[in-house]
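Me: Please examine the entry below with me. I shall ask how each label is justified.

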Amino acid sequence: MIWNEEIETMDRGALVALQSERLSKLAAYVYERVPHYKQAFDEAGVSPAEIKSVDDVTKLPFTTKEQMRDSYPFKMFAVPMDQVIRTHASSGTTGKPTVVGYTRNDIDMWAECVARCFGMSGAKPGDIFQNAYGYGLFTGGLGMHYGAELMGLNTIPVSGGNTARQMLLLQDFQTNLMACTPSYALTLADALNGDGVDPADLPVRSFILGAEPWTEVMREEIEAKLHAHAVNIYGLSEILGPGVSNECIEAKDGMHLMEDHFLCEIIDPETGEPVAEGEVGELVITTLTKEAIPLIRYRTKDLCSINTEKCVCGRTHARMSRVLGRADDMLIIRGVNVFPSQIEATMLGMEELSPHYKLILTRKDRLDALEIQPEVSEDFFREVDGLDGLKNSPKAKALTQEITKMMRESLLVGATVTLIPPGSAPRSEGGKIKRLEDQRS
Ligand code: DLL
């Protein structure tokens, strides 16, 4: 179903006019209320009065995560604290977390965006929704929750992890929709299989998967193993949390951006200049309607492309491609830029391998070196007679050589490949998966 027909199928001309009107108001709003923006606009030599249409957005300065961190905890807030009814924060693995507050209108807008995502994912009021994103400072759990309740889904707030309980609820509550990370969907598929449960017997229609990068091949694998649609949902805490964009099940070809609330640009991450439509670059988002922490041209560091063609589902809002990598995730191996997603795309779907792997980054003689550790399938492990065979058999050696060659061709750089036994690569225990081990320091 299309949750908000009027907005989601709006003529693009009218949509752009709405964005222009909102952008113009926003420029004045942040200039008056947030000292950071007053200073940044003044330094860029731009006055809010000059911002009349979306074409003027490039006159505005970018906002970065570092600037948000410098404003810790509340300096970027544009409203008095008594109007803030919720505060989330990013995990802050390095330094202080990034804090994001929401007014009541912000929470309502977020729920509206997520309800649209549910519509795109094939949900309908009355469905049973198992929410396996973490509840807490992380935006995944509560973000999905409010959107689900708005649509009228029976929402099960199970939160992340605890696979035995997830399986029990899937079976006993007859869940229709489930949300979790894509890596956790694979963990769940393996656990169901291990327990002798056939997912084809479960009434789950869609898995709504996001919060981390994944690939088309991984979708095929998840859909085949779980007998349901696997749709992509995107978002980030600085902007909203889940619900910035979502795929429709009709096309599964890019995620519809909620363009009435977010003005999206793709720029060259090096120069900051816009790239042509369809080209890959860094996604930059301006929040058009947020009250507590509106952001002007926020640099997401997520690399993707945008397509404004009308979709077969009838929605007119532009679609962003999968996130192909993050500007800061990029590994530089002997001067060559390598994204973990490229490595994954190269290996996934090989029948000798499981979908799990580990990457190890080391430094030898002041040069960064990459070791790729693909996990072999149970069948392959049996065929080579276990651990010894994985190291020494001609079959394993041939596979190692084949993967090394494929990597060299696709990454344009040499990497060491070491096959590892089934079950030894990291698995998602509910949250985002960490596959890279950086041993350089
Ligand atoms: O991960 C919000 C979210 C929760 C999105 C649940 C979807 C579902 P953060 O923890 O701030 O917020 O992480 C945001 O995760 O900049 C991307 O790099 C990555 N990311 C999120 N969704 C996707 C996706 C949440 N579908 C960061 N594909 C973003 C690839 C994604 N990467």
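Me: What makes domain 1 and domain 2 the two parts of this chain?

Reply: The chain is divided into domain 1 (1-326) and domain 2 (331-438), with bounds that come from an automatic or database domain assignment. The model is predicted, so local features need pLDDT of at least 70 and side-chain atom pairs count only at pLDDT 80 or more, while totals for chains, interfaces and linings use all residues. Residues are numbered from 1 along each chain as its sequence is written, and side-chain values use heavy atoms, leaving out hydrogens and water. The C-alpha centres of domain 1 and domain 2 lie 31 Å apart.

Me: How do you know which residues of domain 1 are in contact with domain 2?

Reply: Contact means heavy atoms within 4.5 Å. By that rule, 22 residues of domain 1 are in contact with 16 residues of domain 2.

Me: What is meant by the area that domain 1 and domain 2 bury between them?

Reply: Buried area is the accessible area (1.4 Å probe) that two parts lose on being put together, summed over both. Here the value is about 1400 Å², with 59% of it on carbon and sulfur atoms. On the side of domain 1, S183, T215 and V217 lose the most area to domain 2, together accounting for 24% of what that side buries.

Me: How many salt bridges and polar contacts does the rule find across the interface of domain 1 and domain 2?

Reply: A salt bridge requires a side-chain nitrogen of Lys or Arg within 4 Å of a carboxyl oxygen of Asp or Glu, and the rule finds zero across this interface. A polar contact is a pair of N or O atoms within 3.5 Å; within protein, one must be able to donate a hydrogen and the other to accept it, and residues adjacent in sequence count only if both atoms are side-chain atoms. Five residue pairs across the interface are in polar contact, both residues being at pLDDT 80 or more.

Me: Why is the pair E259 and R12 called a salt bridge?

Reply: Their side chains meet at 2.8 Å, N to O, and the limit is 4 Å, so the pair qualifies. The pair links distant parts of the chain, 247 residues apart: E259 is in the loop between β9 (255-257) and β10 (262-267), and R12 is in helix α2 (residues 12-33). Helices (H or I, at least four residues) and strands (E, at least two) are DSSP runs, numbered from the N terminus. The structure holds 30 salt bridges.

Me: What makes K432 a residue that surrounds the ligand, and a polar partner of its oxygen atom?

Reply: A residue counts as near a molecule or strand if one of its heavy atoms lies within 4 Å of it. K432 is among the closest of the 20 residues that surround the ligand. An N or O atom in the side chain of K432 is 2.8 Å from an oxygen atom of the ligand, so the pair falls within the 3.5 Å limit.
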